[in-house]
Amino acid sequence: MNVPDDLLYTESHEWVRREDDKIRVGITDHAQAELTDVVYVELPKVGAVHEARSTIAVVESVKAASDIYAPVKGTVLEANKALQTDPALLNTDPYGEGWIYVLQVDDAEQLKNLKDAAAYRAAIG
Amino acid sequence: MSDAEQKKTPLYEEHVKLGAKIIPFGGWVMPVQYTSIKEEHLAVRNAVGVFDISHMGELVASGPQAGEWLNTMLTNNITKLAVGSGQYTFLLNDDAGIIDDLIVYRIEEEKFLLVVNASRIEEDFAWMEEHLALDVRLQNESDRYAGLAIQGPRIGELFAALFGATEMPARNQIVQFSLDGTKLWVARTGYTGEDGIEVFFAAEDAAQVWNAVLERGQSLGIRACGLGARDTLRLEMCYPLNGSDLSPKHNPLEAGLGFFVDLTKSEFTGCAKLKLVKEEGLMRRLAAFKMTGQGPPPRPHYRVFRNGADAGEVTSGTLSPSLGYGIGMAYLDCPIARPGEEIEIEIRGQKFPATIEKKPLLKKS
């Protein structure tokens with residue numbers, strides 16, 4: 001499984017890329033492989049404020065709907081509209097074109113609670 | 001139910017070897033997918049796929065009175081079954097509620113094989129034992145049998161590769177064939193809408209038969225298929241799933257399956273109630289629908305709305321891999337349950353438009 005070194009990770013299989021005081025978030029290669037065949041992504045609303053670990057988006061495979069959680073508290077700045085027409089980007093390019101949203105982080109200190117690549121690799125075995 | 005209580009089919013180790021994702025299903029642990037539901041689904045629509053259906057139950061009724069007795073227990077007319085033929089039928093309670101839907105095959109003049117749903121084996125058996133006639137022997141052979149469904153347009157080629165140049169049994173016929181020394185019951189039946197066969201044989205031969213089918217199907221593009229694809233394939237055809245679309249709360253007439261109920265034959269369990277239902281007219285029907293706008297796929301238990309008012313519940317729903325949009329079924333009042341009528345499906349608090357469609361949802365050319 002591809003687990004890039006320069007990203008942070010959550011226990012619920014989201015990846016987090018720091019971009020100054022913002023973060024870009026998607027689901028990991030491991031998560032997309034588990035889900036397979038993503039057929040629909042419910043994007044967060046731009047401007048919405050989300051608490052850490054609250055449901056912020058929903059990813060649906062053929063079989064089931066899975067919640068995506070906000071890794072830290074923040075405000076949604078951007079959502080990846082390309083996923084509305086091509087949800088399979090989550091499968092084909094989870095760390096690139098398949099990003100889901102950008103969050104303005106409330107308190108950057110909270111990012112310290114996330115896993116680094118080594119810890120995430122250990123978590124997924 | 002803990003893992004220890006969940007039953008495994010004799011092919012469990014084969015599924016693990018193939019890297020299947022395993023889920024609990026009706027008291028069993030079963031492969032939901034090997035690689036991708038979509039790929040497995042399309043393999044069945046375009047080539048051929050093989051499913052482990054060993055979890056399904058096999059009940060055998062035998063004796064001089066077996067046919068006559070079964071005709072009092074089941075809705076379809078068993079007197080029409082010649083030896084080597086099968087028919088889809090229902091086991092009802094006294095109130096015409098559906099206990100199970102099944103296929104009964106007449107494998108000998110006085111011997112019948114009933115293939116029943118995995119989650120209903122014990123219930124079916126107990127109900128039938130309770131109503132057993134003298135001189136009929138009923139056995140639950142479920143643990144002794146393994147079963148495969150082999151489905152898809154390339155079944156003819158695979159059949160020849162497995163059994164030689166002999167012809168396939170005709171639709172709904174069951175014939176015994178040999179494969180590498182193993183005797184198999186081969187029925188021209190299925191649950192996918194594609195041409196195909198279902199085979200039943202001794203559980204101890206399961207891995208050998210499974211691997212022979214995969215090997216000989218390889219050049220045809222065969223895929224091992226899980227319950228995920230089984231569900232999307234059957235739903236495109238609007239075949240009901242017991243426990244979701246069928247239950248003791250529903251009768252076969254409102255499920256739209258009156259074709260498999262013979263109200264003109266001699267008396268059977270539930271027939272008085274069904275006659276009454278028919279006389280009074282149906283209140284609701286199991287309708288098929290498709291999502292019309294962009295939106296998430298429908299799922300079981302989502303609420304259905306009509307002009308803003310709650311109109312029922314989705315019993316089956318998914319994204320159709322063949323059609324590329326959301327499809328489902330729901331019991332709706334008769335005036336709404338007509339092709340062209342508009343409804344809404346509530347998904348996470350938001351309503352999405354859908355229209356009632358004629359069955360099957362996938363129109364095959």
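How many Å separate the centres of domain 1 of chain B and domain 2 of chain B, taken over C-alpha atoms? The separation of these centres is 31 Å.

This is a predicted model, in which local features need pLDDT of at least 70 and side-chain atom pairs count only at pLDDT 80 or more, while totals for chains, interfaces and linings use all residues. Residues are numbered from 1 along each chain as its sequence is written, chains are lettered from A in the order in which they are written, and side-chain values use heavy atoms, with hydrogens and water left out.

**Interfaces**

Chain B comprises domain 1 (3–54 + 144–236) and domain 2 (283–357), with bounds that come from an automatic or database domain assignment. The table sets the interface of these domains beside that of the two chains; contact means heavy atoms within 4.5 Å, and buried area is the accessible area (1.4 Å probe) that two parts lose on being put together, summed over both.

| Interface | Residues in contact | Buried area | Carbon and sulfur share |
|---|---|---|---|
| Domain 1 of chain B and domain 2 of chain B | 8 and 11 | about 700 Å² | 69% |
| Chain A and chain B | 17 and 18 | about 1,400 Å² | 48% |

On the domain 1 side in chain B, Thr232(B), Leu235(B) and Glu236(B) lose the most area to domain 2, together 62% of what that side buries. A salt bridge is a side-chain nitrogen of Lys or Arg within 4 Å of a carboxyl oxygen of Asp or Glu. By this rule there are zero salt bridges between the two domains of chain B, whereas four are found across the interface of chain A and chain B. Glu42(A) forms a salt bridge with Arg348(B), and their closest N and O atoms are 3.0 Å apart.

**A pocket with residues from both chains**

On a 1 Å grid over the protein atoms alone, a pocket is an open set of points with protein on both sides within 12 Å along at least five of seven lines, and lining residues have an atom within 4 Å of a point. The second largest pocket holds about 490 Å³ of space, a volume being the space filled by probe spheres set on the points, which are joined across faces, edges and corners. Its lining has 21 residues, and Tyr40(A), Glu42(A), Leu43(A), Lys45(A) and Gln350(B) are the closest to its centre. Two or more lining residues come from each of β4 (38–42) and β6 (55–61) of chain A and β20 (350–357) of chain B; strands are DSSP runs (E, at least two residues), numbered from the N terminus. With four residues, β6(A) gives the largest share of this lining.

Conventions
1 Å grid on protein atoms, 1.4 Å probe; cavity = no way out; pocket = protein on both sides within 12 Å on 5 of 7 lines; lining within 4 Å.
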